[in-house]
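User: I have just opened this structure and would like to understand the words used to describe it. Could you take me through them?

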Amino acid sequence: MSVQAHDGGQPLLRVEGVRKHFAFTKGILFAKTLGHVKAVDDVSFDIRAGETLGLVGESGCGKTTTSRMILNLEAPTEGRILLDGEPIHALKGEALKAYRTKVQAVFQDPWSSLNPRMKVGRTIAESLIVNAWGDRARIDERVRELLVQVGLRPEQAQQYPHEFSGGQRQRVALAAALASRPRLIVLDEPVSALDVSIRAQMMNLLKDIQAKDDVAYLLVAHDLATVRHMADHTVVMYLGKIVERAPTAALFDDVRHPYTKALFSAVLVAWPGQAAEEIELRGEVPSPLDPPSGCRFHTRCPYVMAHCSQREPALREVSPDHFVACHLFE
């Protein structure tokens, strides 16, 4: 964990009360709005330089929409996202171009970011060429450096994506993300498609790069083992809301929210003899088009109380830097 992660200064990235609601319409020529999908609803967190924040939850909880807003691919309905104190969604022209170099992404499927008809060296160099980073010789040298940094050979710049294994393609995608020396990389399920042995190599590589370059990561994942290994802090989301937020070590040692407990109980224990509370959730995840009143988790919670359906719980601090949104802790 880097020193900068807890220096008390201004965070690198700040997400403040962000909401993202998508209109749900019917018809084409005369579309009628029937309601709004509340994909993200009042989410706040910070990421500091050199720190990894894990963002976890079931599919449809708002993780991907949150990461797309941070990448400036979606604008929030309400709230702000700031990089170094500057709101990112007001950026235009050269300022927006500069933001794109500071914040990059690596996705679960490297095929989505690698052009199959383009040699990987050109793919890695793309952002450098667009931003006039230097002459041809300087860019070629930077590409060679990046390939070595991610554990590949410089001569592999002349190969096409289909000539690489899945793990190697993910390394190429990482090299392309690192090319412009970003300050934050959004890692969207970066190792879930890889074999277990390759997964460990990739996680260690990411941590080594972070230690060397002080780059921050937003790790979007459903695999709790990956989050535990990589994240300094973890945010748990359910149906667009944060239900628990804490330093990763504290969260794994002392899970508080019933939903987080259910997530953890669905994972095999780390070693024989380890105690694990088994929690079986009932029903399906409600629709974000019409979320439940009060606590959004109350329709599936094994500890539900009468007032859970009436009042939305506040995200409150239950121990140092450990926040939970649950009426059990009032």
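Analyst: Gladly; we can go term by term and set each value against its definition. Two notes to begin with: this is a predicted model, where local features need pLDDT of at least 70, side-chain atom pairs count only at pLDDT 80 or more, and totals for chains, interfaces and linings use all residues. Residues are numbered from 1 along each chain as its sequence is written, and side-chain values use heavy atoms, with hydrogens and water left out.

User: Why is the pair of Y238 and Y259 called tilted?

Analyst: Rings of Phe, Tyr and Trp (its six-membered ring) pair if their centres lie within 6.5 Å; planes under 30 degrees apart count as stacked, over 60 as edge-to-face and the rest as tilted. By this rule the count comes to 4 aromatic pairs. For Y238 and Y259 the centres are 4.7 Å apart and the planes make an angle of 55°, so the pair falls in the tilted class.

User: What do Y238 and Y259 link?

Analyst: They link distant parts of the chain: Y238 belongs to strand 9 (residues 233-238) and Y259 to helix 9 (residues 258-265), 21 residues apart. Helices (H or I, at least four residues) and strands (E, at least two) are DSSP runs, numbered from the N terminus. Ring pairs also join Y238, Y259 and F297 into a cluster.

User: Why does Y238 count as buried?

Analyst: Buried means under 20% relative accessible area, exposed over 50%, and partly exposed in between (1.4 Å probe, protein chains only). Y238 has 2% relative accessibility, so it counts as buried. Y259, at 1%, counts as buried too.

User: What makes F252 and F264 an aromatic pair?

Analyst: Their ring centres are 4.7 Å apart, and with 55° between the planes the pair is tilted. F252 lies in helix 8 (residues 248-253) and F264 in helix 9, so the pair ties together parts that are 12 residues apart in sequence. F252 is buried, with a relative accessible area of 15%.

User: How do you know that R245 lies over the face of F323?

Analyst: A charge sits over a ring if NZ of Lys or CZ of Arg is within 6 Å of the ring centre and within 35 degrees of the ring normal. R245 lies over the face of F323, at 4.5 Å from the ring centre.

User: Why is C295 in no disulfide?

Analyst: A disulfide is a pair of cysteine sulfur atoms within 2.5 Å. For C295 the nearest cysteine sulfur, that of C308, is 6.1 Å away, so the distance rule is not met. C61 is in no disulfide either, as the nearest cysteine sulfur, that of C295, is 15 Å away. Searching the whole structure gives 0 disulfides. With relative accessible areas of 3% for C61 and 12% for C295, both are buried.

User: How do you know that strand 4 and strand 5 pair?

Analyst: Two strands pair if DSSP finds at least two bridges between them. There are 2 bridges joining strand 4 (residues 78-83) to strand 5, and the two run antiparallel. One partnership is that of L82 with P87 in strand 5. Together, 4 strands form an open sheet in the order 2-1-4-5, with antiparallel pairing. Strand 2 (32-47) and strand 5 (86-87) are the edge strands, since each pairs on one side only.

User: What makes strand 11 and strand 12 a pair?

Analyst: They are joined by 4 bridges and run antiparallel, strand 11 covering residues 315-319 and strand 12 residues 322-325. R316 stands opposite V324 in strand 12. The hairpin has 2 residues between the strands, and D321 there takes a positive phi near 65°.

User: Why is helix 1 said to be largely enclosed?

Analyst: Of its 8 residues (63-70), 6 are buried, so helix 1 is largely enclosed by the rest of the structure. Those buried residues are K63, T65, T66, S67, M69 and I70.

User: What makes a nonpolar core, and which residues have the most contacts inside the largest one?

Analyst: A nonpolar core is a set of buried Ala, Val, Leu, Ile, Met, Phe, Trp, Tyr and Cys residues joined through side-chain atoms within 4.5 Å. The largest has 54 residues, and those with the most contacts inside it are I124, V150, L174, I185, L187, I209 and Y217. Helix 5 gives the most to this core, with 7 residues. Apart from this core lies another of 27 residues, among them V43, I47, M69 and V186.

User: Why is A200 called partly exposed?

Analyst: A200, in helix 6 (residues 196-213), has 33% relative accessibility, so it counts as partly exposed.
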